Amino acid sequence: MKVCPTGAIVAPYRLDARRCIAYLTIEHKGPIPKALRPLLGNRVFGCDDCQMVCPWNRYAGRAALPDFEARRGLDAASLVRLFSWDEAQYLRNTEGSALRRVGYEGWLRNLAVALGNAPPDAEDGAECGRALERRLGYPSELVREHVRWALAHRRDSARPAVAQPRHIDAASAGACTEGGGESSVAPGA
Ligand code: SF4
């Protein structure tokens, strides 16, 4: 219960799916609730933190099937690079993957939130901001609204006097470009 970034496990054996990152970043089609966005950290497709600590999963072995291996370097891709994909690249790079499930618009929505959550004082923080600004004119209002939120959240986070409660996991604590922090995509995507 304690490991869940959004407090979705509200009691033993009870899960509020509306707060679960797997639901919010994959199944949910509209805007992600603003109160939950800072808690998503760099998770752009699912979460599975609870699976990592589930006692039953200690018996799980690594799958031998190549289908379960990370594809096209997506387990170490930077947020900025993923956010720069056009729709054709998204379709090409997610062929045969569950990542297709979220659709291109949802993909950009999720990445905008993750970029907004990247530490503004990181070495490549300026590049994260520029990547967001390049999407301010994107045709989808859903994407534009999340981009605006991300830019505002970065500005608020950069102000020392404004303490924002936020969850950033280890992978996002560094940065959001190549050689820095990475996006978090749930295993099997
Ligand atoms: S997948 Fe993540 S957000 Fe969803 S219940 Fe598990 S720990 Fe919480």
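In which loop is Arg72 found? Hold that question while the whole chain is on screen; the tour returns to Arg72 further on, and throughout it should be kept in mind that this is a predicted model.

**The whole chain**

Begin by colouring the protein chain by secondary structure, which comes to 7 helices and 4 strands. If you trace the chain along its sequence, the elements follow the pattern β-β-α-β-α-α-α-α-α-α-β. Of its 189 residues, 35% count as buried, and among the contacts with a separation of 6 or more, 72% are made by residues 24 or more positions apart.

**The ligand**

Select the ligand next, together with the 14 residues that surround it, of which the closest are Cys4, Cys20, Cys47, Asp49 and Cys50. Two elements give two or more residues to this shell, namely helix H1 (21-27) and helix H2 (49-53). Colouring the shell by class will show 11 nonpolar residues, 1 polar residue and 2 charged residues.

**The nonpolar core**

Now hide the ligand and turn to the largest nonpolar core, which has 33 residues; Leu79, Phe83, Leu111, Ala112, Ala114 and Leu115 are those with the most contacts inside it. At least two residues of this core are supplied by each of H1, strand S3 (43-45), H3, H5, H6 and H7, and the element that gives the most is H5, with 7 residues. In soluble globular proteins, nonpolar side chains tend to be buried together.

**Helices H5 and H7**

Keep H5 (residues 103-117) on screen and add H7 (residues 141-158), whose axis lies 8 Å from that of H5, at an angle of about 5°. Because of that angle, H5 is roughly parallel to H7. To display the contact, select Glu105, Leu108, Arg109, Ala112, Val113, Leu115 and Gly116 on the H5 side, and Leu142, Val143, His146, Val147, Trp149, Ala150, His153 and Arg154 on the H7 side. Taken by class, the residues of this contact are 9 nonpolar, 3 polar and 3 charged. Ala112 and Leu115, both part of this contact, also belong to the core residues listed above as having the most contacts.

**Helix H6**

Then select helix H6 (residues 125-133), in which Gly125, Glu127, Cys128, Gly129, Ala131 and Leu132 are buried. To see what covers these buried residues, add the surrounding elements, which include helix H3 (79-84), H5 and H7.

**The loop between S1 and S2**

Move to the loop between strand S1 (9-11) and strand S2 (14-15), where you will find Pro12. Pro12 is exposed, since 6 other C-beta atoms lie within 10 Å, and a residue counts as exposed when there are 12 or fewer. A distance drawn between the C-alpha atoms of Pro12 and Met1, which are 11 residues apart along the chain, should read 7.6 Å.

Tyr13 is found in this loop between S1 and S2 as well. Tyr13 counts as exposed, with 5 C-beta neighbours inside 10 Å, and although Tyr13 is not a glycine, its phi is positive, at about 70°. Most residues other than glycine have a negative phi.

**Back to Arg72**

Finally, select Arg72, which is found in the loop between H2 and H3. Arg72, which is not a glycine, has a positive phi of about 50°. Is Arg72 buried or exposed? With 11 other C-beta atoms within 10 Å, Arg72 is exposed.

Note on methods
Residues numbered from 1 in each chain as written. Predicted model: local features only at pLDDT ≥ 70, side-chain atom pairs only at ≥ 80, totals over all residues. Near = placed C-beta within 6 Å. Nonpolar A, V, L, I, M, F, W, Y, C, P; charged D, E, K, R; others polar. Axes fitted to C-alpha atoms, helices over the stretch in contact; angles between N-to-C directions. Parallel < 35°, antiparallel > 145°, perpendicular 65-115°, else oblique. Contact = placed C-beta atoms within 7 Å. Buried ≥ 20, exposed ≤ 12 C-beta atoms within 10 Å, placed from the backbone. Core = buried A, V, L, I, M, F, W, Y, C linked by C-beta atoms within 7 Å.
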